[in-house]
Number of protein chains: 2
Amino acid sequence: MYGVIMAGGSGTRFWPRSRETRAKQFLSILGENSLIEDTVERFRFIVQKEDTYIITKRSQEQAFRRLNLDIPRENILFEPMGKDTAPCIGLAAVHIQQRDPHGILVVSPADHTIKNDGLFQNTILAAAELAERENGMVTIGIVPDRPATGYGYIQIDPSCSPTRNVDTCRIKTFAEKPDLATAKSFLESGDFFWNSGIFIFQASVYLRQLEEYLPEIYDGLMEIQSRIGRSDYEETLQRIYQQIRGISIDFGVMEKAKNVYMVKGAFQWNDLGSWEQVFKLSQKDQNGNAVQGEAVLMDTKNSYVRSEKNLVAVLGLEGVVVVQEDDVTLVCRMDRTEDVKKMVDKLRNKKLTRYLE
Amino acid sequence: MYGVIMAGGSGTRFWPRSRETRAKQFLSILGENSLIEDTVERFRFIVQKEDTYIITKRSQEQAFRRLNLDIPRENILFEPMGKDTAPCIGLAAVHIQQRDPHGILVVSPADHTIKNDGLFQNTILAAAELAERENGMVTIGIVPDRPATGYGYIQIDPSCSPTRNVDTCRIKTFAEKPDLATAKSFLESGDFFWNSGIFIFQASVYLRQLEEYLPEIYDGLMEIQSRIGRSDYEETLQRIYQQIRGISIDFGVMEKAKNVYMVKGAFQWNDLGSWEQVFKLSQKDQNGNAVQGEAVLMDTKNSYVRSEKNLVAVLGLEGVVVVQEDDVTLVCRMDRTEDVKKMVDKLRNKKLTRYLE
């Protein structure tokens, strides 16, 4: 079993803390460690460190060198540019398949938070057993505890069966982020689960799916695989990545493939998709405020205030997010934090890129 | 005629721009010049520069040295500590009276904004004529254009008479800051005017009032006057100021004195008492926002955003004030900017005084 941590995200939703050279996975958002360190640590329960891989972008090489991750340097694979998850997982697959033709990939984003490590471990082991037994594509579906509108959903065929005491189910369909009414009906039905972005399959099974549904990408990856360990590897990687299209594993593979399964994940999971998510997971004071760093709040409620080094003073407000980091202060209505990435786009359009770097 | 500019305020209401060592009068809030520079400039129309005095606190000496005000250095009088306006004007009065026993004082705060300089000049000249003719205490009442609740009011006896084409009236009473309903009735009555804090009287007349209504302060000032130009002046000043109580000219003198007059000021005036006031006087964009410095606003309305050097990004808010200055960012609801001074008090109580200096 091989761990594959996807760490190529730019994390514009956590601007101004996240920047182009300091993506979300490098931030310590809830605890002391960075999200990538927590993720590597979590994998320690299920795979050897020499079997743990990280896929990231070449532009984040410096940031990785600064970390002291306990995995072999050659296990950090660099993509020349981001092409979404289908090629990213494909690149990991060709490396691992060459090393171990029967290798099983456990693919996970680097920047989510998970509690209950034991439950996580057991769920992954169940998924791996299922993937091997059925030659299937398995994903972890998180048991929803609220009608969340910020996640994609997976609908299962309710006739599940247990593997290692974990419900393993056939997937009926994938659903995009729903509106609130739809999310409520999803929650009530009991057949819908949050799409965690965690996938488990044999490298060879995944590559066969690519061959069928994304043949161009498959061909490119095969060419790359043939150059592993050769001097023209980098050049080939660069050329292929420039040619192939960017597409997600969900849209490009999972929604089309036949042999897809979901394993129920009952562990606590959050994709930390916005400052509001972080606020929800943070400890609050008696006014419902979560405060980090030097800040003074007066007549202020249900707000998230984080200051890197300066003082943030908030007076008479409710439901705001204030994040001071380096040379930027962001002030945002709590229920608009999903749109921080639009603010980042706006800054890019205004050529204020120095505040994004 | 002598100009007396009271420049001892600490201006905590403009924190974080105003600090202990950089009071409101040293800030350029609306235009390019600081408020004190604008005030000195305005006095140029009515008195000679060698007849213009500034009264300030010893702690602001450095800040004054950095300015290049076109008045003689000996005309800057330092109080050892703030004791409100009655002693402050008294100190100016003893200095000026000694120089010119018939001198008329034109007393003005350093940190207000006034437009229509010609009208201002004519109003002051009318007030001075009246003060001399009646041996009276004269104040300028601003013709109100809205039911403001942030100002004290002056009620006049409506039988006014013109001096230099300006209405000069006897004062009936002084009213504290009213609630909105009261302010509306004030506006409708036509007999109520805003208390501008500008006073005109002979030095000798003012000192006679002090002798009657604030005899301790009067005695102290006489002692100080006897030491002017002597080596023990500073020591005496220090000792007297430690003894006397702090009290305003309005409460301590004007409300008690008999021979008090008001001259109608029809010029544009604003005491710049809060960030909200500054917002009201600022130019707005099509979303009703006033923005200074590096700031990007998205889906934000009717807000005041000022950044000294960093970037302030505001998303999805309405009616907020964001002021970034040096190592502080203040985020405040627009209608709570009067309470910024309470925030300053809170910081002082929390021993976060480094953000106030």
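These exercises walk you through a predicted model, each with a worked solution.

**Exercise 1. How many residues does each chain give to the contact between chain A and chain B, and of which classes are those of chain B?**

Step 1. Start with the count: chain B gives 30 residues and chain A gives 30 residues.

Step 2. Now look at which elements of chain B take part. Those that give two or more residues to the side touching chain A are strand S14 (295-298), strand S16 (311-315), strand S17 (320-325), strand S18 (328-333) and helix H11 (340-349).

Step 3. Pick out the biggest giver: S18(B) gives the most to this side, with six residues.

Step 4. Sort the residues of this side of chain B by class, and you find 19 nonpolar, four polar and seven charged.

**Exercise 2. Find the order of the six strands in the open sheet that has S14(A) at an edge.**

Step 1. Read across the sheet: the order is S14(A)-S16(A)-S18(B)-S17(B)-S15(B)-S13(B), and the pairing is mixed.

Step 2. Check the edges. Strand S14 (295-298) of chain A and strand S13 (290-292) of chain B each pair on one side only.

Step 3. Add the twist, which averages 5 degrees from one strand to the next.

Step 4. Place the helix. H11(B) packs on the sheet and touches S14 and S16 of chain A together with S18 of chain B, while its direction makes about 130 degrees with that of S14(A).

Step 5. Zoom in on the strand pairs. S14(A) and S16(A) are parallel and share four bridges; here Ala295(A) has Val312(A) as its bridge partner in S16(A).

Step 6. Cross from one chain to the other. Strand S16 (residues 311-315) of chain A runs parallel to S18(B), joined to S18(B) by five bridges. Along this pair, Ala313(A) stands opposite Leu330(B).

**Exercise 3. Describe the open sheet of six strands that has S13(A) at an edge.**

Step 1. The order here is S13(A)-S15(A)-S17(A)-S18(A)-S16(B)-S14(B), with mixed pairing.

Step 2. The edge strands are strand S13 (290-292) of chain A and S14 of chain B, each pairing on one side only.

Step 3. On average, and with direction ignored, neighbouring strands of this sheet are turned by 5 degrees against each other.

Step 4. Begin at the S13(A) edge: S13(A) pairs with strand S15 (residues 304-307) of chain A in the parallel sense, over three bridges. Ala290(A) of chain A stands opposite Tyr304(A) in S15(A).

Step 5. Finish with the helix: H11(A) lies across S18 of chain A together with S14 and S16 of chain B, at about 130 degrees to S14(B).

**Exercise 4. Is strand S11 of chain A mostly covered or mostly uncovered, and which strands pair with it?**

Step 1. Five of the six residues in strand S11 (residues 260-265) of chain A are buried, so S11(A) is mostly covered.

Step 2. One partner is strand S6 (residues 137-142) of chain A, which runs parallel to S11(A) over six bridges. Ile142(A), for instance, has Gly265(A) as its bridge partner.

Step 3. Another partner is strand S9 (residues 166-175) of chain A, which is antiparallel to S11(A) over three bridges. There, Thr168(A) stands opposite Val263(A).

**Exercise 5. Why is H3(B) called oblique to H7(B), and why is H7(B) called roughly antiparallel to H8(B)?**

Step 1. Take the angle for the first pair. Helix H3 (residues 85-99) and helix H7 (residues 215-226) of chain B pack at about 40 degrees, with axes 10 Å apart.

Step 2. Angles under 35 degrees count as roughly parallel and 65 to 115 as roughly perpendicular; the packing angle therefore makes H3(B) oblique to H7(B).

Step 3. Look at what touches. The residues of this contact divide into seven nonpolar, three polar and no charged.

Step 4. Turn to the second pair. The axes of H7(B) and helix H8 (residues 233-243) of chain B come within 9 Å and cross at roughly 175 degrees.

Step 5. The cut-off for roughly antiparallel is over 145 degrees, and so H7(B) is roughly antiparallel to H8(B).

**Exercise 6. Is Glu338(A) buried, exposed or partly exposed?**

Step 1. Locate Glu338(A): its place is in the loop between strand S18 (328-333) and helix H11 (340-349) of chain A.

Step 2. Count the neighbours: 16 other C-beta atoms lie within 10 Å of Glu338(A).

Step 3. Buried needs 20 or more and exposed 12 or fewer, so Glu338(A) is partly exposed.

Definitions and conventions
Residues numbered from 1 in each chain as written. Chains lettered and ligands numbered in written order. Predicted model: local features only at pLDDT ≥ 70, side-chain atom pairs only at ≥ 80, totals over all residues. Contact = placed C-beta atoms within 7 Å. Nonpolar A, V, L, I, M, F, W, Y, C, P; charged D, E, K, R; others polar. Pairing = 2+ DSSP bridges. Axes fitted to C-alpha atoms, helices over the stretch in contact; angles between N-to-C directions.
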